[in-house]
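Please open the structure in your viewer and keep the selection tool at hand. We will go from stop to stop, with something to select at each one.

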Amino acid sequence: MRNLLNTLSTKCKPVISFLKQRKILSKVDITYQVVWNLFLVFIVFGVISFFFVGGAGAGFFASLVKDEQLRSYEDLKQDIYNYEEISEIYFANEVPLGELPTDLERREIPLAEISPHIINAIIATEDEYFYEHEGIVPKAIMRATFQEFTNSSVQTGGSTLTQQLVKNQILTSEVSFDRKAREIVLAMRLEHFFDKDEILEAYLNIVPFGRNANGRNIAGVQAAAQGIFGVDAKDLSIPQAAFIAGLPQSPFGYTPFYRNEGKVVVKDNLDPGLNRMKTVLRRMYEGGYITEQEYSDALEYDIRANLAKPVRTIREQYPYLANEVERRAADILVKKYIEDAGIQLDELEGEERIEVLSSYLADARHDLRQNGYRIHTTIDKDIYEAMNEAIKDERFFGPTKDGEPEEVGSMIIENRTGAILGFVGGRDFEREELNHATQAYRSNGSTMKPLLAYGPAMDVGAVQPGHIIPDVPTFYKTSPKEVSNFNKRHRGLITVREALQSSQNTTAVRSFWMTPHEKSRETLLKMGIKLEDGEPYESAPLGAITNNITVEQNTNAYATFANGGNFIQSYMIDKIETNDGEVIFQHEIEEVEVFSPQTSYLMVDMMRDVLRVGTASSLPGRLKFRADWAGKTGTAQNFHDIWFVATNPNVTMSVWVGYDTPKPISTRRIAGLSYSQRTQQIWANIANAAYDARPEVMSPGHNFQMPNGIVSRAVCGISGLLPSDLCKEVGLVKTDLFNAKFVPTKVDDSLQKVKYVLIDDEPYVALETTPEEFTSDGVMIKEEYLEAYNLDESLQEKLENIIPDRDAEENGKLPDAVTNVSLSGSALTWAKHKENDIIGYRIYRAPNGTNQFEMIASVKGSATTTHNINSGTYGYYVTAVDVAGNESPASNIAKSENWSSEPPKEEKKEEEVKEEPNKDNDKKEDDKKQTDDDKSKSPSNGNNDSKNPSTPKPPTDSSGNEDNE
């Protein structure tokens, strides 16, 4: 201070000397002294105030930033580049699918790919001294501070781009001296570590720009360029760049788009944004970034005409797929986070487990929407679109019930990898967001039979395709309820192959009984099907499990047969990587052995027959292509769920049809098809559409290959054992494929010889008293086998050439006479006897001129009522014989022309009546020869080895003549 005063005194001396010479000073001496002293006082006060205020300000500033930690380069880098970015989804083969929906749409882009026009516009408008300052502009800060202290109506702001970057990425938008002080310190430190291009690039990727044409919030110049003008940031023109550069000052005030009743429209008044654009253009021109001509041309640019049009988002175009990908990706991240944290989830129970999962799931969903992941899926774009287009044909869907339409779910899985190539989530996402292919748990009905009823049983050798399994009345072991077939009928002794073809329920349950419970349980668990304690129960082979099953699980399980018995978990997310290419998840294929290769091939071969002669025999004709398909139909209880699942050497595909709230589907014919046929038609429509999209996928050009260890063997169709001579005799030998380990070694002994008769064309076991002439040799199942198989008569009748175990019963009376006997040419006919114990008929004949009748033929069976006779002049009558051997009285006589029981009149003359030994002997010989000839010519139905029972007396009329009516 002293030095300052001395300096001032020295500099003022010449002035004082001059004034004294002019005698002026004397006049104002007193005034001078006063003014001078006051001046010195003010100077001293000002200097003291300056240092006081400066010191106080510095102290105040220091107090504001005292809690701010000194951040390192790495800390600042992590904070600055930690901005939200949308995650992108890809179809298979790197085909873009879309972006996961998020509250803020941002696309990171390097500075080199940004138009210089937008860079210049931003600098000219937001920070004209960007390349000169060290993070702050003191003059601007002082101006802004003064405006704040004076509560000025004009607030010009004092933040550089660096400060704005700090505010957006590290601090908050809070208006306070504390935040501003920290902002200044951090901005200066940021400039210390980062060059200008790095700061500019970060700023251009984080600054908000309002809304895009879809109404979504956007940040970063790439999202702004695409969302507002439909171009990339590198292609922005001068007016487009100026318009975008003006938005950060008031993003939602200047944005051209707004929502109106759920729709995004362009504002009627764009003046605020256009005026801001003109300001930006003027500053660009004044800053020398554009020429006068470019400035003029830009002012004439029609912003409204060049705004982007709304584009369909992934949720609008692929809603089921978008939801499914996000759900699966989140689950993958949750698993990763839990593993990284070293948490043993199996050790957690109850609410603790739920809390851990919920917390990590929230983190995963947040990261998916904001970390800019690249999610690669297995979905084939063409197949997926084709499948979903195919279900738009509504002709084959049933009626709406209780406001609900009949729904559908479908999936195609690549067998060798488990990759999901496509699926149908439902018919209308707007009505129901539930994915019917991946999240709808339903009973899989009879499609469970290959998986649980027959697959495990074949694997342990309990059954094979050619084994006999009785389709007979069957009751559950744990309840009195009967196992019902879908048609309420039984087929008797059939092979396992035939049982699967016709989808019999009783045989499925019986096969399940033959399998160790642990084997059955293990089989389903290995294929990812969830079971409760104690399951599966005996109704499970028909689709009854507590947790039910999804279309994906069912399809995945059937692919096991195509993979030689190895289960490969289905998957949709192939890999997840960060935006800089770091892979954080990669799916790995793992195989789990469920069935042997032999069992798998045998099951495939059996399911081929379902499409050949079984419940889906019409399906191949509905396809436009050929492939080695093997599949199974399925109907759940009360017709709530209808299925068809089939596999070929390359893919497995399924279809489910039903209502969201389980209710019976319509069983009436729709479009001329039954409920099962229309489900198969929907399956065929989807398969045909997928074939059009990828023929090499749906029709691989080769068949399933038979593995070693499969042999063909002949077995008896009664027992499934090696055929005995009796089995061969009755033609019950069948040939089928076997696992060589389980080929039968025993010879069938279930059959025995038996004598039988025919009553009404039905075979019955003959009695001991039954005349042998009416019996035939047959084969019958032994009683012990009948009891073991629980075969009643009706089921025994279904066996070709097998005599049922039933005795013929006689009614205890002599049969009535046969009626309506007549002769026409060589045909002797009569009426079928009305009694139910008649086993056949005897035919008697007498030559012309005699009443001596002899039996010439026996006719087996009560239903046969005709017999061919030889020509000649004879009279005939017929008797009926019952099973006990009783014979009816003679019928009326049927005679040939000119036959009479009386001798000719000329033979009554006395001389001719005299005994003539030679002629009589000759005549007797002739008559005997004729009778023998007739007997030898009786038809095959007759048995001429008659015991010649006593001949019934022929009827006569009142005059003693024979009855010839």
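In which sense do strand β4 (residues 208–211) and strand β5 (residues 217–219) pair, and over how many bridges? Select the two strands: the pairing is antiparallel and runs over two bridges. Bear in mind during the whole tour that this is a predicted model.

**Stop 1: the β4–β5 hairpin**

Stay with these strands for a moment. Show Pro208 and you will find Ala219 of β5 standing opposite. Five residues lie between β4 and β5, and the two strands form a hairpin. Within the turn, pick out Gly215, which has a positive phi of about 85 degrees.

**Stop 2: two exposed loop residues**

Next, select Asp268, in the loop between β7 (263–266) and α12 (271–286). Is Asp268 buried or exposed? Its relative accessibility is 73%, so Asp268 counts as exposed. Now add Arg304 to the selection: it is 36 residues from Asp268 along the chain, and the C-alpha atoms of the two are separated by 9.7 Å.

Follow α12 to the loop that joins it to α13 (292–299), where Gly288 is found. Gly288 counts as exposed too, because its relative accessibility is 59%. Which distance separates the C-alpha atoms of Gly288 and Asn120? Draw the line between them and you should read 9.6 Å, although their positions lie 168 residues apart along the chain.

**Stop 3: helix α15 and the second largest pocket**

Select α15 (319–340). This helix has 22 residues and reaches 32 Å from its first C-alpha to its last, close to the 32 Å expected at 1.5 Å a residue. After α15 comes Gly342, with a positive phi near 70 degrees.

Keep α15 on display, because the pocket here is the second largest one, and α15 gives the most to its lining. Nine residues of the lining come from α15. How much space lies in the second largest pocket? The volume is about 1200 Å³.

Now show the lining as sticks. It is made up of 25 residues, and those nearest the centre of the pocket are Asp331, Ile332, Lys335, Gln569 and Ser570. Colour the lining by class and you get 10 nonpolar, four polar and 11 charged residues. Besides α15, the strands β15 (566–568) and β17 (583–586) each supply at least two residues of the lining.

**Stop 4: a buried residue before β15**

Step back along the chain from β15 to Asn563, in the loop that links α22 (551–562) to this strand. Is Asn563 buried or exposed? With a relative accessible area of 17%, Asn563 is buried. Select Ser600 as well: Asn563 and Ser600 are 37 residues apart in sequence, and their C-alpha atoms are 8.0 Å apart in space.

**Stop 5: an enclosed space**

Rolling a probe the size of a water molecule over the atoms shows where empty space is left. Over the whole structure, a search finds two cavities of 30 Å³ or more. The second largest cavity has a volume of about 30 Å³. To frame it, select Ala390, Ile391, Asp393, Phe397, Ile682, Asn685 and Ile686, which line this cavity. Which helix gives the most to this lining? Helix α24 (residues 675–693) does, with three residues. By class, the lining has five nonpolar residues, one polar and one charged.

**Stop 6: a sheet of three strands**

Move on to the open sheet in which three strands follow the order β27-β28-β31, with antiparallel pairing. β27 (822–824) and β31 (866–868) stand at the edges with a single partner strand each, so one side of each has no neighbour in the sheet. On average, neighbouring strands of this sheet are turned by 20 degrees against each other, direction ignored. Zoom in on β27 and strand β28 (residues 827–829): they run antiparallel and are joined by three bridges. Here Leu823 stands opposite Leu828 of β28.

**Stop 7: a sheet of four strands**

For the last stop, select the open sheet with the order β30-β29-β32-β33, whose four strands pair in the antiparallel sense. Which strands stand at its edges? They are β30 (854–860) and β33 (894–895); each has a single partner strand, so one side of each is left without a neighbour in the sheet. Finish on strand β29 (residues 838–847), which pairs with β30 over six antiparallel bridges. Show Tyr841 and look across to β30, where its bridge partner is Val859. As you look along the strands, remember that in a regular strand the side chains alternate between the two faces of the sheet.

Technical notes: Residues are numbered from 1 along each chain as its sequence is written. This is a predicted model: local features need pLDDT of at least 70, side-chain atom pairs count only at pLDDT 80 or more; totals for chains, interfaces and linings use all residues. Side-chain values use heavy atoms; hydrogens and water are left out. On a 1 Å grid over the protein atoms alone, a cavity is a set of points where a 1.4 Å probe fits but cannot get out, and a pocket is an open set with protein on both sides within 12 Å along at least five of seven lines; lining residues have an atom within 4 Å of a point. Grid points are joined across faces, edges and corners, and a volume is the space filled by probe spheres set on the points. Ala, Val, Leu, Ile, Met, Phe, Trp, Tyr, Cys and Pro count as nonpolar, Asp, Glu, Lys and Arg as charged, and the others, Gly among them, as polar. Two strands pair if DSSP finds at least two bridges between them. Axes are lines fitted to C-alpha atoms, for helices over the stretch in contact, and angles run from 0 to 180 degrees between N-to-C directions. Buried means under 20% relative accessible area, exposed over 50%, partly exposed in between (1.4 Å probe, protein chains only). The expected span of a helix is 1.5 Å times one less than its number of residues.
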